[in-house]
Amino acid sequence: MVKLYDELMKNMDKMPQGVTVPLIKTRAIDDVPVLGLTLWSDKHNDYELKQLGEALTTEIKKINDVASINIIGGRRREVKVLLDKDKMAENQLDFLMVDKYLQANNAQLFSGTFFKNDSDFAVADR
């Protein structure tokens, strides 16, 4: 680890401007994945499978000695916005204003957790 750190420090001048110092972590046998699951369906799309994967993750986290769980793939929640130019004109809005409002409201903040019926629920503000 010391040799690796020294080597990285010797070459920091070659790193792009603004890059932070690399974080070096040790790895142990416990860091290697023990189980990988793939969710697939003819009936459900990738968004629905991701929702199922997140529900499965919640259940797996209840098991003792589970170090970490990663979900890879699947589509995130998406909102499709169809603009009506007549209604926009009525409300004195243009496309750029609508875009600005959408970007301002596209945020999610973690608020905490609450417990109910022996279950732990994450709460997020949108």
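This passage describes the fold, burial, charge pairing and selected local features of a single chain in a predicted model.

The chain contains 4 helices and 2 strands, and from the N terminus on these elements follow the order α-α-α-α-β-β. Of the 126 residues of the chain, 7% count as buried. The surface exposed by the chain amounts to about 12,300 Å², of which carbon and sulfur atoms supply 54%. When contacts with a separation of 6 or more are considered, residues 24 or more positions apart account for 17% of them.

Helix α1 spans residues 2–10 and holds both K10 and E7, which lie 3 residues apart, about one turn of the helix. Side chains of opposite charge can pair when their charged atoms come close. K10 and E7 form a salt bridge in which the closest N and O atoms are 3.2 Å apart. With regard to solvent, K10 counts as exposed because its relative accessibility is 57%, over the 50% cut-off, whereas E7, with a relative accessible area of 41%, is partly exposed. The loop between α1 and α2 contributes I24, whose C-alpha atom is separated by 7.5 Å from that of Y5, although the two residues are 19 residues apart along the chain. Once residues up to four places away in sequence are set aside, I24 touches M1, L4, Y5 and L8.

Helix α2 covers residues 46–60 and includes L52, and K50 and T57 are also placed in this helix. The three residues can be described in turn by their surroundings. T57 has a relative accessibility of 12% and therefore counts as buried, the limit being under 20%; leaving out residues up to four places away in sequence, T57 touches I69 and I71. K50 is likewise buried, yet K50 has no salt bridge. The nearest side chain of opposite charge to K50 is that of E54, at 4.7 Å, and this pair is not counted as a salt bridge because the criterion requires a side-chain nitrogen of Lys or Arg within 4 Å of a carboxyl oxygen of Asp or Glu. The contacts of K50, with residues up to four places away in sequence not counted, are made with I71, G73, G74, R75 and R76. I71 thus appears among the contacts of K50 and among those of T57.

L52, by comparison, counts as partly exposed at 49% relative accessibility. L52 belongs to a nonpolar surface patch of about 620 Å², which is made by V34, L35, L37, L39, L52 and L56.

A search of the whole structure finds 2 salt bridges. Besides the pair formed by K10 and E7, a salt bridge joins K62 with E59, and the closest N and O atoms of K62 and E59 are 3.2 Å apart. Both partners of this pair are partly exposed, K62 at 44% relative accessibility and E59 with a relative accessible area of 45%.

Two loop residues other than glycine have positive phi values. D65, situated in the loop between α2 and α3 (85–90), has a phi near 70°, and D65 is exposed, with a relative accessible area of 80%. Q92, which lies in the loop between α3 and α4, has a phi near 55°, and Q92 counts as exposed at 67% relative accessibility.

The helix that follows this second loop, α4, comprises residues 95–104, and because the number buried among its 10 residues is 1, helix α4 lies largely in the open. The N-terminal end of α4 is capped by D94, a side-chain oxygen of which lies 3.1 Å from the backbone nitrogen of L96.

Methods:
Residues are numbered from 1 along each chain as its sequence is written. Side-chain values use heavy atoms; hydrogens and water are left out. Buried means under 20% relative accessible area, exposed over 50%, partly exposed in between (1.4 Å probe, protein chains only). A polar contact is a pair of N or O atoms within 3.5 Å; within protein, one must be able to donate a hydrogen and the other to accept it, and residues adjacent in sequence count only if both atoms are side-chain atoms. Patches are made of residues with over 30% relative accessible area and no salt bridge: like charges are joined within 9 Å, nonpolar side chains (Val, Leu, Ile, Met, Phe, Trp, Tyr) within 5 Å. Accessible areas come from the Shrake-Rupley method with a 1.4 Å probe; for residues, only the protein chains shown count as cover. Lys and Arg count as positive and Asp and Glu as negative; His and the chain ends are not counted. Contact means heavy atoms within 4.5 Å.
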